[in-house]
Amino acid sequence: MSDQSAARTDRTPSGPDVPGRPRLRRAAVVSVTRAVFIAVGLVTAYYLLPLDERGTAGASALLLGGLAAVLLVFGWEVRAIVRSPHPRLKAVEALVATLALFLILFAGAYYLLDHSSPGSFSEPLTRTDALYFTLTTFSTVGFGDIAARSQTGRVLTMLQMFGGLLLVGVAARVLAGAVQAGLRRQRRDAPDQEAGP
C-alpha cells in the first residue's frame with residue numbers, strides 16, 4: 001500500500017473511530033451531568049430557603065422576581081446555545097434549567113400563599129405538597145387530591161398553566177431556532193477553520 005492511499009484511508013471517517021466522537025461523548029456526559037446538577041441544586045435550594053415568612057407580599061415578590069429570573073436565564077441560555085460548539089446538547093441543558101426554575105418558582109409561590117392565607121388549597125401544603133401540586137398542574141395530570149380553593153390560588157394556578165403552555169410551545173420553538181442558528185454558525189465557521197493560517 002502506498003503512502004498516499006494509506007493517508008487517504010486514515011482520513012476516511014467510518015465506524016466507531018470517527019474523529020471527534022470521543023469529544024462529543026464527553027460533551028454529552030458533561031451536559032447531562034450539568035443539567036442534573038442544576039435541577040438537583042434548584043430543588044435543594046427550594047427545600048433549604050427560608051420560605052416561612054407570612055404575608056402575600058413575599059409570595060408576590062417571589063413570583064415576580066422568579067418570573068424575571070426565568071426570562072433572564074432563558075435569554076442567556078438562548079445566546080449560549082448559538083455560541084456553543086454543541087448547540088443541541090446546550091439546548092437540552094437550557095430546557096432543563098428553565099423548566100426546573102419555572103417549576104420551583106411556582107412551588108415556592110404556592111407554599112407561601114398557603115402559609116400566608118390558610119385554606120387557599122384543599123389541604124395545608126408542605127413544600128413537597130406544593131411541588132407535587134406544581135408538577136401535576138404542569139403535566140396536566142391534576143389528580144384532584146389537592147386543588148386551589150381561593151381566588152388567589154386559582155389565579156396563580158392559571159398563571160402556571162398559561163406559563164407552562166408558553167414554556168412548552170414558544171420556548172421550545174425559540175430553543176429549536178437557537179439550535180439551528182448555532183448549527184449554521186458552525187457550518188459558516190468550518191471553512192474558515194479548515195483554511196487556517
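Is Phe162 buried or exposed? I began with this residue in the predicted model, and at 52% relative accessibility I enter Phe162 as exposed, because the cut-off for that class is over 50%.

**Entry on the surface patch**

I placed Phe162 in helix α6, which runs over residues 151–195. I then looked up what surrounds this side chain at the surface, and found that Phe162, Leu166, Val170 and Val174 make a nonpolar surface patch of about 340 Å².

**Entry on the salt bridges**

I turned next to charged side chains, where the count comes to three salt bridges. I noted that Arg34, Glu77, Lys90 and Glu93 are linked by them in a network, and I went through the pairs in turn.

For the pair of Glu93 and Arg34, I found the closest N and O atoms 3.2 Å apart, which I record as a salt bridge. This pair links distant parts of the chain, with Glu93 in helix α4 (residues 87–116) and Arg34 in helix α2 (residues 21–48), 59 residues apart.

For Glu77 and Lys90, I found that the side chains meet in a salt bridge with an N to O distance of 3.6 Å. This pair, too, links distant parts of the chain, since I located Glu77 in helix α3 (residues 56–83) and Lys90 in helix α4, 13 residues apart.

For Glu93 and Lys90, I read a distance of 3.1 Å between the closest N and O atoms of the salt bridge. Both residues lie in helix α4, and because they are three residues apart there, I note a separation of about one helical turn.

**Entry on accessibility in the network**

Which class does each member of the network fall into? I looked up Glu93 and, because its relative accessibility is 3%, I enter Glu93 as buried. Glu77, at 4% relative accessibility, I likewise enter as buried. Lys90 has a relative accessible area of 12%, so I enter Lys90 as buried, the cut-off being under 20%. Arg34, at 38% relative accessibility, I enter as partly exposed.

**Entry to close the page**

I keep two items for this model: the network of salt bridges that links Arg34, Glu77, Lys90 and Glu93, and the nonpolar surface patch made by Phe162, Leu166, Val170 and Val174.

Notes
Residues are numbered from 1 along each chain as its sequence is written. This is a predicted model: local features need pLDDT of at least 70, side-chain atom pairs count only at pLDDT 80 or more; totals for chains, interfaces and linings use all residues. Side-chain values use heavy atoms; hydrogens and water are left out. A salt bridge is a side-chain nitrogen of Lys or Arg within 4 Å of a carboxyl oxygen of Asp or Glu. Helices (H or I, at least four residues) and strands (E, at least two) are DSSP runs, numbered from the N terminus. Buried means under 20% relative accessible area, exposed over 50%, partly exposed in between (1.4 Å probe, protein chains only). Patches are made of residues with over 30% relative accessible area and no salt bridge: like charges are joined within 9 Å, nonpolar side chains (Val, Leu, Ile, Met, Phe, Trp, Tyr) within 5 Å. Accessible areas come from the Shrake-Rupley method with a 1.4 Å probe; for residues, only the protein chains shown count as cover.
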